[in-house]
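Reader: I'm new to this one and would love a close look at a single part. Could you pick up the packing inside and walk me through it, then show me what sits around it?

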Amino acid sequence: MQHGYALVFGVILLENLGLPLPGLALLVVAGALAGAGTLGVPLILGAAITGALIGDLVWYALGRWRGRPVLGLLCRLSLNPDTCVGNTERFFLRHGMPTLLVAKFLPGLNTIAPPLMGTLRAGFGRFLAWDTGGAVIFAVVTVGGGYFLGAGMVDRMDAAASVLSVWAGWGFGAFALVYAGWRLGHRVRVRHALRTVGLTTEELRRSQEAGEKVILLDVRSPLAVREKPRRIPGALRAGLDELDGVAPTLPGDGRIVAYCV
């Protein structure tokens, strides 16, 4: 296991840069190996925390440099691009900077939170402090959990590996394919529905010039509005969480058009 620490550092770094790698599972196994006396806990924790912080600082810097387009890029790479930024922003609005303490336990939030902090121009010192706390908590919990399973877990893994590895691999692969297919199918249906009922900016302009009654709703998140406060003239401000309250006040004789970018 001479390369174990480098493996931990590399996987955690790449996971925090956005690659779909099983960092949590790796740290649990590394902790179990430490419990069996194969690896050292301080070095595992150091490698994991350092890898996580480097990955997060890269995204924080990109978010601060490039702004919101970085979030869009990350979401286009995800299986649920239509809601990933919005969900992260709403979570951040509810919990603030302490969001970073739990972000690493939530895969989507883990990737989006650092560039979001950069986009919002969060102070570097505050970001680094909260993010370091989150990395330490994540590493200690996962490695500690594996450590207390210890040698018993390693022995059971060795004894059952020849049988379980094949079944586990096929089972995980089948689950991943079914889930990916379901998410992609849902994405295609949503995009088709939006193409069916949506308007281009040119179509909107022609409708307004023709005298058609059009009610514009600005449904951007509060954080998106804070970053770019300008909106289409005449648009009503109504975030997604406010739509239920706004809907009864809207006139029923006009065309309602919502925009979120």
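Author: Here is a walk that starts in the nonpolar core and moves outward from there. Keep in mind that this is a predicted model.

Let's start with the largest nonpolar core, which has 20 residues. Which of them touch the most other members? That would be V8, I12, L27, I44 and A48. Four helices each give two or more residues to this core: α1 (4-16), α2 (23-35), α3 (41-66) and α8 (124-197). Among these, α3 gives the most, with seven residues.

For a feel of the packing, take V8. Leaving aside residues up to four places away in sequence, V8 touches L26, L27 and A30, and also I44, A47 and A48. Two of the names from before, L27 and A48, turn up again here as contacts of V8.

There's also a second core, separate from that one, made of 13 residues. M97, L100, A113 and L116 are included in it.

Now back to α3, since there is a charged pair to see there. How many salt bridges does the model have? The count comes to one. In general, side chains of opposite charge can pair when their charged atoms come close. Here the partners are K104 and D56, and their closest N and O atoms are 2.4 Å apart. D56 belongs to helix α3, while K104 is in the loop between α6 (99-102) and α7 (107-119). With their positions 48 residues apart, the pair links distant parts of the chain. Are these two buried or exposed? Both K104 and D56 are buried.

Follow the chain past α7 and you'll meet R121, in the loop between α7 and α8. R121 isn't a glycine, yet its phi is positive, near 60 degrees. R121 has 52% relative accessibility, and the cut-off for exposed is over 50%, so R121 counts as exposed.

One last stop is the sheet. Three strands make it up, in the order β2-β1-β3, with parallel pairing, and the sheet is open. Why do β2 (236-237) and β3 (255-259) each have one side without a neighbour in the sheet? Both stand at the edges with a single partner strand each, so nothing in the sheet lies next to that other side. Strand β1 (residues 214-218) is joined to β2 by two bridges, and the two run parallel. Within that pairing, L217 of the chain stands opposite L236 in β2.

Notes: Residues are numbered from 1 along each chain as its sequence is written. This is a predicted model: local features need pLDDT of at least 70, side-chain atom pairs count only at pLDDT 80 or more; totals for chains, interfaces and linings use all residues. Side-chain values use heavy atoms; hydrogens and water are left out. A nonpolar core is a set of buried Ala, Val, Leu, Ile, Met, Phe, Trp, Tyr and Cys residues joined through side-chain atoms within 4.5 Å. Buried means under 20% relative accessible area, exposed over 50%, partly exposed in between (1.4 Å probe, protein chains only). Contact means heavy atoms within 4.5 Å. A salt bridge is a side-chain nitrogen of Lys or Arg within 4 Å of a carboxyl oxygen of Asp or Glu. Two strands pair if DSSP finds at least two bridges between them.
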